[in-house]
Amino acid sequence: MILKDDGKAIAPVHIRDPPVEPALDDTVLGELMNEDTHWRLKHDLIEHLARFQTYQPVGKLQLSPNSGKKTYLPEVDESLKPRDKMAFDTVNNAFLFYQKYAMASGFTARKSSQYTHHGVIKSKWFVCSKEGTKPFKAIDTSKKIDTSNNGSKRKSVRRVPSIRTGCKARMCIKLMPSNLYEVSSFNEAHNHFFVDEEDRHLLPSNRGMNYMQEQAVNALSALNIGPVKAFNIMRTLYGGFDKVGATKNDFKNFKRDLNRYISEFDADMMIKRLLRKKEYMPNFSMEYITDENGVLRGLFWADEDAKRNFSVFGDVVSFDATYRRNKYNMMFVPFTGIDNHNRNVTLGAAIIGNETAETYSWLLNVFRQAFGCAPPVIVTDQDPAMKKAIEDTWPESRHRLCMWHIMDKLSAKVGASICNNTDFKKRMCAIVWTDSIIPVKFESEWATIMNDFNLVDHEWLQSLYQIRDTWIPAYYREEVMSGLMRTSSRSESENHFFGQFCNPGCTLVEFLGHFDSAIEAQRHEHRKNGHDTRNTNAEIWAEDFVLEDQASRIYTRTILFYQQLEIQNGIHRCAIGKWEDIGDFVNFFVKDWEQPCTTFFECYLRQLYNFEWCFIGYDAGGRHDCVLYMRFEQFGLLCSHIFCVLRMLDIREFPQRYILRRWTREAVPNSAPGAISGINETEDRYNEVNRVVREITYSTESVINQLVTNFDALCSFRDHVVNYFKTADESVVNAPPKSRRERFAEITGNTKPSEATVRVPIGTRFKGMGKPKRMKSKREIAVSQLGKKRRQCQNCFRYGHNRRSCKNPTRTKEQAMAEDHGEEADEVDEEEDEWEEVEEDMDEQDEDALDEEDGEEEYVFYYNCGVLVVQGVIIVQVAKELNYGVFSCSGCYYWCSYVQVAY
């Protein structure tokens with residue numbers, strides 16, 4: 001192809017620059033060998049380096065014979081090039097065509113100027129991204145920045161290179177009477193070479209996250225996987241960086257823009273999503289509360305599965321506030337129970353803005369409204385706000401304090417010497433961590449320990465003894481299922497579980513997604529445990545005892561293991577001593593060789609009208625040293641003594657009276673997969689698209705798994721997909737992509753409201769966080785300022801602020817130095833007057849207050865302005881010049897701090 005430039009023909013020339021000869025250090029080589037060897041080695045090295053392929057510019061080079069100007073033409077298929085009079089129905093389709101041409105050529109296209117008339121685009125220009133020039137701001141490197149003042153910093157200048165080269169390549173379209181846009185002019189010559197095909201994925205136009213990648217980043221975010229890890233996962237699955245189509249920064253920017261879209265509407269979006277769940281999901285409950293300014297104070301939610309679990313597993317519930325689960329420091333409060341596999345189950349969840357009794361009372365009230373009743377036993381830590389709220393809101397519930405939190409303070413409160421050097425801690429744990437003693441026994445043992453170690457008047461131990469009925473297991477023996485939880489460790493375990501899915505910097509919308517993922521994982525684990533129970537056969541230890549085989553078909557696998565241990569103990573370690581009839585009861589005396597007592601356990605048995613047996617076990621009045629076991633009342637399982645009696649009576653059917661539903665296999669039905677995420681909560685287009693995408697992905701993976709062993713069939717399937725990909729690629733011209741705002745609305749499920757009705761909290765504080773500002777003495781403030789650089793404004797040259805926040809009039813540095821010198825003179829006069837008053841006050845004080853020991857010690861008075869005074873005499877005016885070393889404060893005197901100085 002021949003082009004005309006200045007009226008003369010120019011032949012196309014392909015760029016083939018010769019390789020540059022590398023520079024070698026002759027001095028170094030000459031030290032190792034003689035000149036002949038040196039020359040031969042150098043020649044061989046040059047030939048070896050020439051074999052390596054260097055980067056070659058892409059494009060046909062056109063040289064002007066007059067000006068020597070270089071232009072480059074792209075080497076692309078003619079079907080991709082714009083042609084004169086080519087028509088497009090919209091401006092966007094024209095730009096998409098030119099962009100596709102630019103991608104194939106190796107440059108990036110962008111939109112330029114346009115001409116409009118009455119809001120209608122009459123003409124539009126599309127240019128190369130290197131069109132135009134960028135003015136550079138000159139930096140005077142010879143001028144030094146003044147750093148003599150304290151607090152001044154060298155201003156860093158961000159030096160960003162420019163891609164602009166003044167390229168003239170462009171395409172112009174004009175609106176025709178037929179309402180179509182036609183190409184009116186097209187210049188394909190560029191003043192720069194093009195990007196090689198191997199590097200074209202780095203061009204801005206080729207870098208961008210597609211629909212599937214955005215969905216993947218959002219889905220992985222629910223599993224607490226950030227954008228960087230998501231990018232690394234994708235580039236590993238795709239087979240390289242160039243196959244992803246985006247960079248790591250593109251992934252990070254997408255996450256940043258998504259959080260910006262949420263911004264202050266975070267709480268409002270979360271509440272609207274929960275309200276939609278309440279509308280579309282059956283029996284879903286949610287309540288929230290705000291303050292007078294519309295700031296979110298508390299939010300509670302629970303779905304149908306949680307309510308069903310509470311009806312079966314809600315006999316003992318633990319709840320505790322968890323911190324650092326969102327960027328606003330709002331406390332996450334999960335309500336935790338124990339399921340039929342002895343695993344944690346979440347019965348409800350809430351986030352609260354503070355830990356006051358009022359907030360906890362509101363939370364417990366909405367919990368009762370959602371579930372219909374309060375749990376019989378509630379386990380918490382020693383938070384006084386929780387205690388007051390439970391007493392006011394759930395008076396019928398038994399409030400149990402966490403034993404671990406109390407016993408963990410034992411060494412700190414009593415003393416490490418007593419706990420480590422004596423058997424005090426061992427004896428305390430023996431009566432605290434056991435459920436096999438009665439209250440009278442506990443009280444007598446407690447009194448003995450207190451007397452033995454002279455702790456009768458210990459204030460902390462006496463306060464614990466006064467509330468012994470709230471944390472000692474001996475006082476919970478009559479409470480049903482009270483043995484399941486004695487500490488809040490279930491809540492701690494739940495907090496760790498949710499911590500694997502959440503992170504401290506997530507928004508509330510992200511947190512809700514993390515919570516749904518965690519609950520879905522928890523319920524999947526419950527389903528898996530149920531499946532393992534139904535499809536595995538436990539080993540029967542005592543085949544002649546039919547009740548064990550029946551128990552294997554009644555209980556879950558985990559509970560069966562506990563029950564088998566009791567059965568084995570009843571067979572091999574227990575025996576019937578005697579029995580006697582007492583009215584309607586038969587009293588069995590059971591000997592247990594595993595128990596420390598030497599007498600018998602008494603089990604009273606009565607046969608009911610329906611041929612069932614009722615057991616009543618208790619301590620026979622003090623005639624025996626043994627105690628009431630009450631395993632069924634505390635754990636819902638029969639003990640070894642009962643199984644010993646049942647075996648002796650040859651009972652052939654497991655007593656239905658002693659089968660609790662909460663431990664059976666079918667205690668609760670399994671939740672539907674995906675129900676927690678609310679997949680079917682709406683019927684909008686977005687959810688339908690996601691459903692179809694999942695079906696396509698699953699079908700494609702299934703076909704690949706079937707054809708992976710047949711290479712020819714796999715290649716045929718590949719060709720079919722590639723051919724369809726070309727068809728879809730051609731149809732994309734008529735399907736412009738959605739804007740980033742529309743995509744964020746689809747991902748979050750919320751359109752950005754014009755005004756937030758519920759606002760996010762700012763500066764939420766929780767217990768254990770400490771005071772916002774610790775009170776510091778004037779001496780500590782003065783010492784902290786020693787040698788510390790202060791921020792100086794470059795507008796008024798004062799300290800304490802910067803140029804952006806300056807409200808003072810502009811002045812030069814010389815003016816500032818002169819004015820500050822006069823102010824310092826005034827301040828010195830004021831300080832001298834103050835010190836005269838100080839000296840007068842010191843003379844009036846009793847000298848004994850200064851001479852505490854022998855009257856010969858010298859005390860230093862250190863004023864907060866940096867003046868050092870020894871017995872009223874100014875020693876040093878500037879504190880940072882003091883060389884006496886580090887002082888330790890030994891008292892205070894007026895507004896000065898005095899320390900003893902060794903000269």
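Here are some short exercises on the predicted model above, each with a worked solution.

This is a predicted model, in which local features need pLDDT of at least 70 and side-chain atom pairs count only at pLDDT 80 or more, while totals for chains, interfaces and linings use all residues. Residues are numbered from 1 along each chain as its sequence is written, and side-chain values use heavy atoms, with hydrogens and water left out.

**Exercise 1. Aromatic pairs**

Task: Classify the ring pair of F319 and Y360, and place both residues in the chain.

Solution:
- Start with the rule: rings of Phe, Tyr and Trp (its six-membered ring) pair if their centres lie within 6.5 Å; planes under 30 degrees apart count as stacked, over 60 as edge-to-face and the rest as tilted.
- The structure holds 37 aromatic pairs by this rule.
- In the pair of F319 and Y360, the centres are 6.2 Å apart and the planes stand at 65°, so the pair is edge-to-face.
- Next, place the residues: F319 is in strand β13 (residues 316–319) and Y360 in helix α10 (residues 357–371), so that 41 residues separate these distant parts of the chain. Helices (H or I, at least four residues) and strands (E, at least two) are DSSP runs, numbered from the N terminus.
- Finally, check burial: F319 and Y360 are both buried. Buried means under 20% relative accessible area, exposed over 50% and partly exposed in between (1.4 Å probe, protein chains only).
- Both residues also belong to a cluster linked by ring pairs, made up of F300, F310, F319, F335, Y360, F367, F371 and W394.

**Exercise 2. A second ring pair**

Task: Describe the geometry and setting of the pair F332 and F498.

Solution:
- F332 and F498 are edge-to-face, at 5.1 Å centre to centre and with 80° between the planes.
- F332 lies in strand β14 (residues 331–338) and F498 in helix α18 (residues 489–499), a link between distant parts of the chain, 166 residues apart.
- Both F332 and F498 are buried.

**Exercise 3. Charges over rings**

Task: Find the ring faces over which R398 and K578 lie.

Solution:
- A charge sits over a ring if NZ of Lys or CZ of Arg is within 6 Å of the ring centre and within 35 degrees of the ring normal.
- R398 lies over the face of Y476, 4.1 Å from the ring centre.
- K578 lies over the face of F589, 4.9 Å from the ring centre.

**Exercise 4. An open sheet**

Task: Work out the strand order in the sheet that contains β8 and β9, and identify its edges.

Solution:
- Two strands pair if DSSP finds at least two bridges between them.
- The open sheet has 5 strands in the order β6-β10-β9-β8-β7, with antiparallel pairing.
- At the edges stand β6 (87–88) and β7 (109–117); each has a single partner strand, so one side of each is left without a neighbour in the sheet.
- Inside the sheet, 5 bridges join the antiparallel strands β8 (residues 120–128) and β9 (residues 170–175). F126 has M171 in β9 as its bridge partner.

**Exercise 5. Salt bridges and their settings**

Task: Compare the settings of the salt bridges K81 to E188, D268 to K272 and D544 to R647.

Solution:
- A salt bridge is a side-chain nitrogen of Lys or Arg within 4 Å of a carboxyl oxygen of Asp or Glu. The structure holds 26 salt bridges.
- K81 and E188 meet at 3.4 Å, N to O. This pair links distant parts of the chain, 107 residues apart: K81 is in the loop between β5 (70–73) and β6, and E188 in the loop between β10 (181–187) and α4 (211–221). K81 is buried at 11% relative accessible area, and E188 is buried at 15%.
- D268 and K272 have their closest N and O atoms 3.4 Å apart. Both lie in helix α8 (residues 266–280), 4 residues apart, about one turn of the helix. D268 is buried at 3%, whereas K272 is partly exposed at 35%.
- D544 and R647 meet at 3.5 Å, N to O. D544 is in the loop between α19 (508–534) and α20 (546–554), and R647 is in helix α23 (residues 640–648), 103 residues away in the chain. D544 is exposed at 55%, and R647 is partly exposed at 38%.
- Elsewhere, salt bridges with shared partners join D303, D305, R308 and R523 into one network.
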